[in-house]
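Colleague: Could you take a close look at one part for me, the largest cavity? I would like to know which classes of residue line it and what lies around it.

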Amino acid sequence: MDVKQVRRDFPILQELVHGKPLVYLDNGATTQKPLTVIETEARYYEEYNSNVHRGVHHLSQEATNAYEKAREIVAGFINAAHSHEVIFTKGTTDGINLVANTMCRRFLKEGDSVIISAMEHHSNIVPWQMACEESGATLKVIPINEKGELKMDAFSALLDDTVKMIAVTYVSNTMGTINPVEEIIAQAHARKIPVLLDAAQAIQHMSIDVQALQVDFLVFSGHKIYGPTGIGVLYGTTEWLNKLPPYQGGGDMIKTVTFAKTTYNELPYKFEAGTPHIAGAIGLGAAIRYLQQVGLDKIQQWEEQLQAYALEQLRQIDGIRFIGDAARRSGAISFLIHDIHPFDLGELLDQQGIAVRTGHHCCEPLMDEFKIPGTVRASLTFYNTKEDIDKLVAGINRAVSMLR
Ligand code: PMP
């Protein structure tokens, strides 16, 4: 992969920050957008802005076609058996809330339990906590080892007849751990328990085939896969999406409405109440097309090289401690240096044009596990270079010498 060439596709990577060339290492929070995504979204507003599924007029049909085409692109990308298994949402958080809320209303009751893991993002903790509170079910947590890997023996031990749902992250947003999701799904399905995968940090780094995985639900955000904010995807099998009740009520999700009774639309519209983020969905389609053109295999290969290089270089920094050091990892690298507060380090890096994230990364229980208030997180993606890593390491060394 020609990284220099790829970088030209992302206008923002040419920007200066505090007068320095931007080194963007906060891809776990959100990724930058290639020009094709920006232009595709602008073209919708400039040339065929209209509401979908409503009018017979030309623009509405054009918008509907583009919106539904985007759904097909997503379905093809994750190898869904049907495009109606792709629900457009606001993002990962919205998708998890949809499943937790509807699952709670239809399937959870007192005495049941839901399994999550110790490394979940708040958005894969709180909706399940709320569902448990509402239904009287119990939340169970898969523990992790000191390397930030799931303790699979403990997972197996949690499985019993009370478990009605398992929701885990595919890749940790804080530590980059890639979880053994195939194994989790196999054990869950042996007991007929459905599994939701939070793929927010996986979808942009590795090819995902929902049919090969046999996963029941998979969620991700458009903005972390080079697409717009405010759009995301919930994939669900036809079987499960049909079993769940509608989430929100409103236009588009209905078949007929009378004051006496409403009947609901078929999939996927049953779960898409109101005017959707049309431009966002079309932009997400463009992002996926772009990714397919660059080639996810090439992306993965480059990212693996880059990550090995980053770990090797960072390891040489005096006093560095990695938070999470899993054998299989992708994207995020979290660390602390001596007793320096992550925020101070992040601020000094920012002054050098280097963007990293500092804090708890919406994983407070994980921070408690490691007994730390937060970390510095560098999260890499395919438009990053070895030069970016060198600048990060030099930037850290400079910051440390100022702080100590
Ligand atoms: N899960 C994981 C693993 C994440 O990394 C994030 C975003 N940091 C989310 C969920 C939430 O995504 P969003 O804010 O786009 O809904």
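Modeller: Happy to! By class, the lining of the largest cavity in this predicted model has seven polar residues, two nonpolar ones and no charged residues. The residues that line this cavity are N27, G28, Q201, Q204, H205, G331, A332, S379 and L380. Glycine is counted as polar here, so G28 and G331 belong with the polar group. The volume of the largest cavity is about 40 Å³, and with a cut-off of 30 Å³ or more the count comes to one cavity.

Two domains share in the lining: domain 1 (3–30 + 295–403) and domain 2 (38–292) each give at least three residues. As for the record, UniProt, in an unreviewed entry, places the feature "domain: Aminotransferase class V" at residues 23–392. In the model, that span is 40% helix and 17% strand, and its end C-alpha atoms lie 8 Å apart.

One lining residue, A332, also leads us to a sheet, as strand β14 covers residues 332–337. The sheet is open, with four strands in the order β13-β14-β17-β16 and antiparallel pairing. Its edge strands, β13 (320–322) and β16 (357–359), each pair on one side only. On average, neighbouring strands of this sheet are turned by 30 degrees against each other, direction ignored. Between β13 and β14 there are three bridges in the antiparallel sense, and F322 has F335 of β14 as its bridge partner.

Technical notes:
Residues numbered from 1 in each chain as written. Predicted model: local features only at pLDDT ≥ 70, side-chain atom pairs only at ≥ 80, totals over all residues. Heavy atoms only, no water. 1 Å grid on protein atoms, 1.4 Å probe; cavity = no way out; pocket = protein on both sides within 12 Å on 5 of 7 lines; lining within 4 Å. Points joined across faces, edges and corners; volume = space filled by probe spheres on them. Domains from an automatic or database assignment. UniProt positions renumbered as here; feature names shortened; annotations may be inferred. Helix = DSSP H or I, 4+ residues; strand = E, 2+ residues; numbered from the N terminus. Pairing = 2+ DSSP bridges. Axes fitted to C-alpha atoms, helices over the stretch in contact; angles between N-to-C directions.
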